[in-house]
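Welcome! Please take a moment to look over the sequence and the 3D structure below, and then let us walk through them together.

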Amino acid sequence: MSDGASAPDGVTRRRRRTTGDGRLAFWLVLPTLVILLAVIGYPVVKAVFRSFFDDPISREPEFIGLANYTDALVGDGAAEFWGAMRVTAFFTVSTLLLEIVIGLAMALVMNRTFRGRAFVRAAILVPWAIPTAVCAVLWRWTFDANGIVNHLLGTQVLWTGSEWPAKWAIVFADTWKTAPFIALLILAGLQAISAEVYEAARVDGAGPVRRFFSITLPLVKPALVVAVLFRMLDVLRIYDLPKIFTGGANDTTTMSMLVVQESIGNLNAGAGSALSTLTFLFIFAIAFLYIRSLGAKVMDGHAGGMK
């Protein structure tokens with residue numbers, strides 16, 4: 001009888017302890033949630049609320065409902081909005097593809113053991129440490145009509161004076177700056193792979209190419225997924241590099257640039273708030289679809305392989 005009576009008591013004590021731990025965790029996390037709500041939640045709610053008003057600086061705001069959204073999507077501002085979305089998508093896809101290839105190559109080099117490896121790692125990470133504004137000015141001088149790029153190529157291309165040269169110049173500058181960031185995250189994933197795995201593959205007769213596609217790439221995918229997610233979120237809101245590089249000329253205006261142009265340049269906070277809300281929804285949808293389609297599969301597969 002004593003054993004039968006003690007079992008429910010033990011279960012009750014465990015439940016009380018679990019409930020107490022949950023309450024303690026809630027009260028410990030509550031200050032962080034309050035700060036996040038104040039810092040992030042309030043500006044978002046304020047921007048959404050303001051987007052329903054015609055809010056020029058010259059007079060009092062007037063409630064106009066969804067007029068700012070319809071104007072951006074299908075109205076007079078539709079051409080600028082969809083053009084900025086197309087430019088942003090182009091920058092995102094092109095820079096990510098280049099940065100994945102270059103960053104992976106950098107990580108493989110930094111992961112090898114050779115004399116001077118510390119110097120090579122430091123040199124590779126230098127572009128990432130340079131502020132974006134400085135990087136934009138540096139590459140704008142480099143891509144000048146009389147700059148070093150035209151001198152090396154023996155051409156006289158106006159890199160910032162026409163559409164596609166300007167776009168590819170921005171892509172090149174952004175790739176040069178941020179590929180080391182992806183390389184750093186991939187390097188962390190490479191260093192988590194045990195050397196015994198490669199040694200077993202060598203014993204089985206697997207060559208370098210087979211080891212890369214069968215061992216390195218599958219095991220580094222979780223780190224690569226995180227790196228691509230971070231960079232995708234970053235480049236989807238790209239602003240300072242094209243702003244300094246071209247000022248948005250020659251079809252290089254991104255969505256973030258359009259928001260600032262409407263809010264500050266045109267002094268219409270209502271339309272700017274609507275554009276910022278649409279930009280937020282666009283970035284959120286892309287990130288959500290990415291995590292649901294690719295990220296979750298990779299993480300689940302990685303977790304399953306670790307069991």
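## A salt bridge within helix α8

Let us begin with R202, which is partly exposed, with a relative accessible area of 44%. This and everything that follows is read from a predicted model. The side chain of R202 forms a salt bridge with the side chain of E199, at 3.5 Å from N to O. E199 is partly exposed too, with a relative accessible area of 44%.

Why can these two residues meet? R202 and E199 are 3 residues apart in helix α8, which spans residues 195-203, so about one helical turn separates them.

## A network of charged side chains

Using the salt-bridge rule, the count for the protein is 8. Some of these bridges join up: E99, D174, R231, D234 and R237 are linked in a network of salt bridges. One of the bridges is between D234 and R231, where the closest N and O atoms are 2.6 Å apart. D234 also forms a salt bridge with R237, and here the closest N and O atoms are 3.4 Å apart.

D234 and R231 sit in helix α9, residues 208-236, and because they are 3 residues apart, about one helical turn lies between them. Are they buried or exposed? R231 is buried, with a relative accessible area of 3%, while D234 is partly exposed at 30%.

## Two buried polar residues

Next, find T95 in helix α3. T95 has a relative accessible area of 1%, so it counts as buried, the cut-off being under 20%. The T95 side chain reaches the backbone oxygen of T92 at 3.3 Å. Leaving aside neighbours within four places in sequence, T95 is in contact with V171, D174, T175 and V235. D174 is therefore a name to recognise, because D174 is also one of the residues in the salt-bridge network.

Now turn to N68, in helix α2, residues 67-73. N68 is buried as well, with a relative accessibility of 11%. Which residues does N68 touch, not counting those up to four places away in sequence? They are S51, F53, G270, A271 and A274. With G270 there is a further detail: the N68 side chain reaches the backbone oxygen of G270 at 3.5 Å.

## Annotated transmembrane regions

An unreviewed UniProt entry carries the annotation "transmembrane region" for residues 24-45, 89-110, 122-141, 212-233 and 267-291. T95 and its helix were visited above, and the annotated stretch 89-110 can be found in the sequence alongside them.

What does the model show for two of these stretches? Residues 24-45 are 100% helix and 0% strand, with end C-alpha atoms 29 Å apart. Residues 267-291 are 92% helix and 0% strand, and their end C-alpha atoms lie 36 Å apart.

## Two residues with a positive phi

Most residues other than glycine have a negative phi. With that in mind, look at N250, which has a positive phi of about 60 degrees although it is not a glycine. N250 lies in the loop between α10, residues 240-245, and α11, residues 255-265. N250 is partly exposed, with a relative accessible area of 27%.

L267 is another case: its phi is positive, at about 55 degrees, and it is not a glycine. Where is L267 found? L267 is in the loop between α11 and α12, the latter being residues 269-306. With a relative accessible area of 42%, L267 is partly exposed.

## How confident is the prediction?

The mean pLDDT of the protein is 85, and 88% of its residues reach 70 or more. Which elements have the lowest and the highest mean pLDDT? Helix α1, residues 2-50, has the lowest, at 74, and helix α3, residues 78-111, has the highest, at 94.

Two stretches call for care. Over residues 1-7 the pLDDT stays under 50, and the model has 0 contacts for them beyond four places in sequence. Residues 303-307 also have a pLDDT below 50, with 0 contacts in the model beyond near neighbours in sequence. Where pLDDT is low, the predicted coordinates should not be read in detail.

How values were computed:
Residues are numbered from 1 along each chain as its sequence is written. This is a predicted model: local features need pLDDT of at least 70, side-chain atom pairs count only at pLDDT 80 or more; totals for chains, interfaces and linings use all residues. Side-chain values use heavy atoms; hydrogens and water are left out. Helices (H or I, at least four residues) and strands (E, at least two) are DSSP runs, numbered from the N terminus. Buried means under 20% relative accessible area, exposed over 50%, partly exposed in between (1.4 Å probe, protein chains only). A polar contact is a pair of N or O atoms within 3.5 Å; within protein, one must be able to donate a hydrogen and the other to accept it, and residues adjacent in sequence count only if both atoms are side-chain atoms. Contact means heavy atoms within 4.5 Å. pLDDT is the predictor's confidence in each residue, from 0 to 100. A salt bridge is a side-chain nitrogen of Lys or Arg within 4 Å of a carboxyl oxygen of Asp or Glu. UniProt positions are given in the numbering used here, feature names are shortened, and annotations may be inferred rather than shown by experiment.
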